[in-house]
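Take a moment to look at the chain as a whole before turning to single residues. The paragraphs below then lead from the overall fold to its core, and from there to a few chosen positions.

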Amino acid sequence: MEIPKKVREQLDKLYEANDNIDYVVDYKGQYIPKKGNVFTIRHYHHIDQNRSNNELWNLIPLTYNDHIIEIHTKNNKLVRQQIYEYMTNKFPEHEKHYREYLLEDK
């Protein structure tokens, strides 16, 4: 299921770089362009992998490399830990959700 345009716009605003509105900033502090193909330039990853759960706190911007290679191919625990720490700081009230879907083995 595609993320609705309205939600994508809210995410772009939420993660927008302070010094350049044409970019979003990911969990590593990398600038990712807002414009261009959203699948090869930036991707919003559903933390719980439920593609219908489009709550802002369940979505995080990732580069193509982090999304496809690190998360889905390698299942990289270090990347998941870094995302957990970032999201817990941003939305502390959802720490249990992040722990379940990012740190615990499924």
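What follows is a walk through this predicted model, from the whole chain to single residues.

The secondary structure of the protein chain consists of four helices and five strands, and, read from the N terminus, these elements follow one another in the order α-β-β-β-β-β-α-α-α. The radius of gyration of the chain is 13 Å, close to the 13 Å that the globule rule gives for 106 residues, so the chain is as compact as a globular protein of that length. Along its principal axes, the C-alpha trace spans about 35 × 30 × 30 Å. If we consider contacts between residues at least 6 apart in sequence, 48% of them join residues that are at least 24 apart.

The surface and the interior can be described in a similar way. Buried residues make up 43% of the 106 residues, while the chain exposes about 6300 Å², of which carbon and sulfur atoms supply 50%. The chain carries 16 positive and 17 negative charges, and the mean positions of these two groups are 3 Å apart.

In soluble globular proteins, nonpolar side chains tend to be buried together. Which residues have the most contacts inside the largest nonpolar core of this model? This core has 20 residues, and those with the most contacts inside it are Tyr15, Tyr44, Ile60, Ile83, Met87 and Tyr98. The elements that give two or more residues to the core are helix H1 (5-14), strand E5 (59-63), helix H3 (77-90) and helix H4 (95-103), and the largest share, four residues, comes from H3. Tyrosine 44 shows how distant parts of the sequence meet here: leaving out residues up to four places away in sequence, Tyr44 touches Ile3, Arg8, Leu11, Asp12, Tyr15, Val24, Leu59, Ile60 and Pro61.

Isoleucine 71 offers a second view of the interior. Isoleucine 71 belongs to helix H2 (residues 64-73), and it counts as buried because its relative accessible area is 2%, which is under the 20% cut-off. Beyond its neighbours within four places in sequence, isoleucine 71 is in contact with His45, Leu62, Asp66, Val79, Arg80 and Ile83. The C-alpha atoms of isoleucine 71 and arginine 8, which are 63 residues apart along the chain, are separated by 20 Å.

Other positions are more open to the surroundings of the chain, as their accessible areas show. Proline 33 lies in strand E3 (residues 31-33) and is partly exposed, with a relative accessible area of 31%. Not counting residues up to four places away in sequence, proline 33 touches Asp22, Tyr23, Ile41 and Arg42; the C-alpha atoms of proline 33 and aspartate 22, 11 residues apart along the chain, are separated by 6.1 Å.

Two loop residues complete the picture. Is aspartate 19, in the loop between strand E1 (16-17) and strand E2 (20-25), buried or exposed? Aspartate 19 counts as exposed because its relative accessibility is 60%, and the cut-off for this class is over 50%. The C-alpha atoms of aspartate 19 and lysine 96, 77 residues apart along the chain, are separated by 32 Å. Glutamine 49, in the loop between strand E4 (42-46) and E5, is partly exposed at 44% relative accessibility. Most residues other than glycine have a negative phi, yet glutamine 49 has a positive phi of about 60 degrees although it is not a glycine.

Terms used:
Residues are numbered from 1 along each chain as its sequence is written. This is a predicted model: local features need pLDDT of at least 70, side-chain atom pairs count only at pLDDT 80 or more; totals for chains, interfaces and linings use all residues. Side-chain values use heavy atoms; hydrogens and water are left out. The radius of gyration is taken over C-alpha atoms; the globule rule is 2.2 Å times the number of residues to the power 0.38. Buried means under 20% relative accessible area, exposed over 50%, partly exposed in between (1.4 Å probe, protein chains only). Contact means heavy atoms within 4.5 Å. Accessible areas come from the Shrake-Rupley method with a 1.4 Å probe; for residues, only the protein chains shown count as cover. Lys and Arg count as positive and Asp and Glu as negative; His and the chain ends are not counted. The place of a charge is taken as NZ of Lys, CZ of Arg, CG of Asp or CD of Glu. A nonpolar core is a set of buried Ala, Val, Leu, Ile, Met, Phe, Trp, Tyr and Cys residues joined through side-chain atoms within 4.5 Å.
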